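Here are some exercises to work through with the model on your screen. Try each task yourself before you read its solution.

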Amino acid sequence: MEMKAMLELGYSKTAVAHRLKVNRRTVTRWLKEGTETKTGKPRRQKLDPYKAEIRARLETHPDLSAQRLYEEVKADGYDGCYSQLAAFVQTLLKPSEELEPVVRFETAAGHQAQLDFGTFNTPWGKRHALVVVLGYSCLQWFEFYENQTMEVVMRGLEKAFDYFGGVTTEILFDQMKSVVIGDHREKEGKLLLNDSFQQFARHWNFNIRACWPYRAHD
């Protein structure tokens, strides 16, 4: 729930009430009752529009991993959490089957955020959406930019920090050139990071993590 996530991130009840446009007493009542809503309606998940596609892919290629499926639906526009997709895939597997070990994106509150770009063609030309998602609550911030430079990443992160009301312990990046210069971990080498961005990370006191390079499977 959004209220629970905001409180766990350190927002005050007053700040939560302001963000959700409700009275502070309403927030207090929700906390006592343990719920934000009495509607009883099932919550719609971001994954719902992609479930049929995932089922069809697994019927045709049952050996596909959850990570591979996540990359595919992400390319189709899915912007939710990996953990939601992995849990759904698990329900489709036979009891004897198990998901292959992967780095889970679901983390403790305040521990990790994930940053990535999405590209869109608009009437005004190509635009890049810089998206920052909290790994625990899936609360996200995004803004459109004309390019994907390191300056854009740093400026966007500062706006995201202000929106979230704090900085996570670490931030997970895709293999974006503005942050990752080289990645030789698959050959027991090192992850090479941009010096200027490392200074930015030290200033804001967060650790840089990078996804492993994606390799297409046959």
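**Exercise 1. Find what share of the chain's contacts with a separation of 6 or more comes from residues 24 or more positions apart.**

Step 1. A contact means heavy atoms within 4.5 Å.
Step 2. Among contacts with a separation of 6 or more, 49% are between residues 24 or more positions apart.
Step 3. Keep in mind that this is a predicted model, where local features need pLDDT of at least 70 and side-chain atom pairs count only at pLDDT 80 or more, while totals for chains, interfaces and linings use all residues. Residues are numbered from 1 along each chain as its sequence is written, and side-chain values use heavy atoms, with hydrogens and water left out.

**Exercise 2. Take stock of the whole chain: its elements, its buried share and its surface.**

Step 1. Look for helices (DSSP runs of H or I, at least four residues) and strands (runs of E, at least two), numbered from the N terminus. The chain has eight helices and seven strands.
Step 2. Buried means under 20% relative accessible area, exposed over 50%, and partly exposed in between, with a 1.4 Å probe and protein chains only. By this rule, 39% of the 218 residues are buried.
Step 3. Accessible areas come from the Shrake-Rupley method with a 1.4 Å probe; for residues, only the protein chains shown count as cover. The chain's accessible surface is about 13700 Å², and carbon and sulfur atoms hold 50% of it.

**Exercise 3. Work out the strand order of the five-stranded sheet and say why β3 and β7 each have one side without a neighbour.**

Step 1. Two strands pair if DSSP finds at least two bridges between them.
Step 2. The order in this open sheet is β3-β2-β1-β4-β7, and the pairing is mixed.
Step 3. Because β3 (140-145) and β7 (207-210) are at the edges with a single partner strand each, one side of each has no neighbour in the sheet.
Step 4. On average, neighbouring strands here are turned by 25° against each other, direction ignored. Such angles lie between axes fitted to C-alpha atoms, for helices over the stretch in contact, and run from 0 to 180 degrees between N-to-C directions.

**Exercise 4. Follow strand β2 into β3, then see what lies across them.**

Step 1. Strand β2 (residues 125-134) runs antiparallel to β3, and six bridges join the two.
Step 2. One facing pair is Val-133 and Gln-140, the latter in β3.
Step 3. Five residues lie between the strands of this hairpin, where Cys-138 has a positive phi near 70°.
Step 4. Helix α7 (residues 150-164) lies across β1 (112-122), β2, β3 and β4 (170-173), at about 145° to β3.

**Exercise 5. Which residues make the nonpolar surface patch of about 320 Å²?**

Step 1. Patches use residues with over 30% relative accessible area and no salt bridge; like charges are joined within 9 Å, and nonpolar side chains (Val, Leu, Ile, Met, Phe, Trp, Tyr) within 5 Å.
Step 2. Phe-120, Phe-142 and Phe-144 make this patch.
Step 3. Phe-120 belongs to strand β1, and its relative accessibility of 42% makes Phe-120 partly exposed.

**Exercise 6. Trace some salt bridges and note where their residues sit.**

Step 1. Side chains of opposite charge can pair when their charged atoms come close. A salt bridge is a side-chain nitrogen of Lys or Arg within 4 Å of a carboxyl oxygen of Asp or Glu. The whole structure holds eight salt bridges.
Step 2. Lys-51, in helix α4 (residues 51-60), pairs with Asp-48, their closest N and O atoms being 3.1 Å apart. Lys-51 is buried at 19%, whereas Asp-48 is partly exposed at 27%. Beyond its neighbours within four places in sequence, Lys-51 is in contact with Gln-45 and Phe-88.
Step 3. Arg-57 and Glu-72 form a salt bridge at 2.7 Å, N to O. Arg-57 is in helix α4 and Glu-72 in helix α5 (residues 66-75), so this pair ties together parts 15 residues apart in sequence. A network of salt bridges links Arg-57, Arg-68 and Glu-72.
Step 4. Arg-209 and Glu-170 form a salt bridge, with the closest N and O atoms 3.2 Å apart. Arg-209 is in strand β7 and Glu-170 in strand β4, so the pair ties together parts 39 residues apart in sequence. Arg-209 is partly exposed at 32%, while Glu-170 is buried at 9%.
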